[in-house]
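Please open the model in your viewer and keep the sequence panel beside it. The tour below goes from one selection to the next and says what can be found at each stop.

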Amino acid sequence: SPTGAPTTSPTMSPTRTPTMSPTITRFPLSGQIFEDQNADGSLAPTETPLNPDDAITVQVIREDGTVFGPIPVASDGSYDFPDVVGPSEGIIVEFDDVPYYLVASN
């Protein structure tokens, strides 16, 4: 009899009604890079978001190895992935060429 959920292995006989397709999740992911002068991990009003020399890039890597990007970080330190596909858990946000004194927040 139908289970109402997709199975991980083939069934021996077809079900009478098709099972629903998995839902594809899409979500935005954005943040800023800034000099964390008070070392609290949060952007304070006295701290300035920045990207020196516009050299920093960012990419999102899903647990299954799917990569979104890399994209350049804007000169104000901001980055935006408007449409990341997949689950929001198990992702890595990876930066390239970040000076030691900058911190990323998202």
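A residue counts as buried when its relative accessible area is under 20%, as exposed when that area is over 50%, and as partly exposed in between. Please keep in mind throughout that this is a predicted model.

With that scale in hand, select Phe 95, which has a relative accessibility of 24% and therefore counts as partly exposed. Add Tyr 79 to the selection; at 4% relative accessibility, this residue counts as buried. A search of the whole structure finds 1 aromatic pair, and the rings of Tyr 79 and Phe 95 form it, with their centres 5.3 Å apart and their planes at 75°, so the pair is edge-to-face. The pair links distant parts of the chain, since Tyr 79 belongs to strand β4 (residues 78-85) while Phe 95 belongs to strand β5 (residues 91-96), 16 residues apart.

From Phe 95, widen the view to the sheet that contains β5. Here you find an open sheet of 3 strands, in the order β3-β2-β5, with antiparallel pairing. The strands β3 (67-72) and β5 stand at the edges and have a single partner strand each, so one side of each is left without a neighbour in the sheet. If you look at how the strands lie against each other, neighbouring ones are turned by 15° on average, with direction ignored.

Now select strand β2 (residues 57-62), and follow its pairing with β5, which is antiparallel and runs over 6 bridges. As a landmark on this side, pick Gln 59, which stands opposite Glu 94 in β5. Turning to the other side, β2 and β3 also pair in the antiparallel sense, over 4 bridges, and here Val 58 stands opposite Ile 71 in β3. Between the two strands of this hairpin lie 4 residues, and Gly 65 takes a positive phi near 95° in the hairpin.

Stay with β3 and select Pro 70, which has its place in that strand. The peptide bond that leads from Gly 69 to Pro 70 is cis, with omega near 5°. For context, most peptide bonds are trans, and most residues other than glycine have a negative phi.

A departure in phi is the next stop: select Ala 39, in the loop between β1 and β2. Although Ala 39 is not a glycine, it has a positive phi of about 55°, and at 65% relative accessibility it counts as exposed.

In the loop between β1 (26-35) and β2, select Glu 47 next. Which side chain of opposite charge is nearest to Glu 47? The nearest one is that of Arg 62, 31 Å away, and Glu 47 is buried yet has no salt bridge. Display the polar atoms of the Glu 47 side chain, and you can trace its contacts with the backbone: one of its polar atoms lies 3.1 Å from the backbone nitrogen of Asn 38, and the side chain also reaches the backbone nitrogen of Ala 44 at 2.9 Å.

For the last stop, select Gly 77, which is found in the loop between β3 and β4 and is buried, with a relative accessible area of 0%. Add Thr 48 to the selection and compare the two positions: Gly 77 and Thr 48 are 29 residues apart in sequence, and 8.7 Å apart in space from C-alpha to C-alpha.

Notes:
Residues numbered from 1 in each chain as written. Predicted model: local features only at pLDDT ≥ 70, side-chain atom pairs only at ≥ 80, totals over all residues. Heavy atoms only, no water. Phe/Tyr/Trp six-rings, centres within 6.5 Å; stacked < 30°, edge-to-face > 60°. Buried < 20%, exposed > 50% of the residue type's maximum accessible area, 1.4 Å probe, protein only. Pairing = 2+ DSSP bridges. Axes fitted to C-alpha atoms, helices over the stretch in contact; angles between N-to-C directions. Lys, Arg positive; Asp, Glu negative; His and termini not counted. Salt bridge = Lys/Arg side-chain N within 4 Å of Asp/Glu carboxyl O. Polar contact = N/O pair within 3.5 Å; in protein donor to acceptor, adjacent residues only side chain to side chain.
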